[in-house]
Amino acid sequence: MIIQWYPGHIAKAERQLKEQLKMVDVVLEVLDARIPLSTHHPQVPNWVGEKTRVLVVNRMDTIAPQVKEQWLTWFKSQGETPYFTNAQHGDGVAQVARAAKFAGVAINQRRRDRGMLPRPVRAVVIGFPNVGKSALINRLLGKRVVESARRPGVTRSLRWVKISQELELLDAPGIIPSKLESQAAALKLAICDDIGDAAYDNQRVAAGMIDLLTQLERHEMGVVGAKCLASRYELDPTEMTGEQYLHTLAELRHRGDVERTARQLLKEFRKGVLGPIALELPPQQ
């Protein structure tokens, strides 16, 4: 299974984003808490350059508290200060706003030193599709001003939004590398719905998810893995391949309809029905 996705609107938005970055003071990079490494765009450091970057790890409600603490420790060991948020409910968003405004203090001090009036800090929100960028902006503003939905490809053009007298934000479409070098990461993007569904086959991705959860159960401590499947569907996947499990579950639940079963599995994972599940843990130091 090869997963690749780079629609025309993303290519266009990336070109526009590079132009707008010249006007930006602060970059808010939004990651998916379930897969922080896989949702980090490799070009972001080049784009940010000397600008301040505020790291936002969204959807913290989708991972267990102990996993969040592991990521917090790891990011700090890398010299990063992550801000964990649940943009749908507003948790952690105030801290992000303060971090963005604080980053602009030095900019306006330089303006004052030159005899210029201060201006709002200009920030851009970037990240993969469907990681919660628009939901974050709506929470920062306190009302719905940009379309937000839990599916990739909702935002298709760049738009400036004035948050307050101190902060302006550029809402940008999800960006993704033109070629996904790691198919293991691409699979996780598909499982989490952080890539367009035209890029993948539901049955293969669902089978891959089952295999991944089984692997996590065997090798990673503190991560909900295959047990969530056994608990939810009363069928233990540990002695089967993902494909075998999918077909067996289809026979038990949906009269052999494998596509329907695959869609249900993915939907229930994405909606949190299976519980808080991290598909990635921090690399071993």
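**Note on the predicted model: helices H1 and H3, strand S1, and Thr-85**

1. Helix H3 spans residues 65-77, 13 residues in all. From first C-alpha to last, H3 reaches 19 Å. That is close to the 18 Å expected at 1.5 Å a residue. Note that this is a predicted model.

2. Which residues of H3 are buried? They are Val-67, Trp-71, Leu-72, Trp-74 and Phe-75. An α-helix has 3.6 residues a turn, so residues three or four places apart point the same way. The cover over the buried residues of H3 includes three strands: S1 (26-32), S2 (52-58) and S3 (82-84).

3. After H3 comes Gly-79. The phi of Gly-79 is positive, near 80°.

4. Strand S1, part of the cover on H3, deserves its own point. Seven of its seven residues are buried, so S1 is largely enclosed by the rest of the structure. Both of its faces are covered. On one side sit Val-26, Leu-28, Val-30 and Asp-32. On the other sit Val-27, Glu-29 and Leu-31. Asp-32 and Glu-29 are therefore on the buried list too, under the cut-off of 20% relative accessible area.

5. How do S1 and S2 run, parallel or antiparallel? They run parallel, joined by seven bridges. S1 also pairs with strand S4 (residues 121-127) in the parallel sense, over five bridges. Val-26 shows both pairings. Val-26 stands opposite Thr-52 in S2, and opposite Ala-123 in S4.

6. Helix H1 takes up residues 8-20 and has 13 residues. H1 reaches 19 Å between its first and last C-alpha, close to the 18 Å expected at 1.5 Å a residue. Its buried residues are His-9, Ile-10, Ala-11, Ala-13, Glu-14 and Leu-17. What covers them includes helix H2 (44-48), S4 and strand S6 (167-171). S4 thus has two roles in this note: it pairs with S1, and it helps cover H1.

7. Where does Thr-85 lie? It is in the loop between S3 and helix H4 (93-103). Is Thr-85 buried or exposed? Its relative accessibility is 0%, so Thr-85 counts as buried.

8. Contacts of Thr-85, leaving out residues up to four places away in sequence, fall into two stretches of the list. One holds Val-56, Val-57, Asn-58, Arg-59 and Met-60. The other holds Asp-91, Gly-92, Val-93 and Val-96. Val-56, Val-57 and Asn-58 lie within the range of S2 (52-58). Val-93 and Val-96 lie within the range of H4 (93-103).

Notes:
Residues numbered from 1 in each chain as written. Predicted model: local features only at pLDDT ≥ 70, side-chain atom pairs only at ≥ 80, totals over all residues. Heavy atoms only, no water. Helix = DSSP H or I, 4+ residues; strand = E, 2+ residues; numbered from the N terminus. Expected span 1.5 Å × (residues − 1). Buried < 20%, exposed > 50% of the residue type's maximum accessible area, 1.4 Å probe, protein only. Contact = heavy atoms within 4.5 Å. Pairing = 2+ DSSP bridges.
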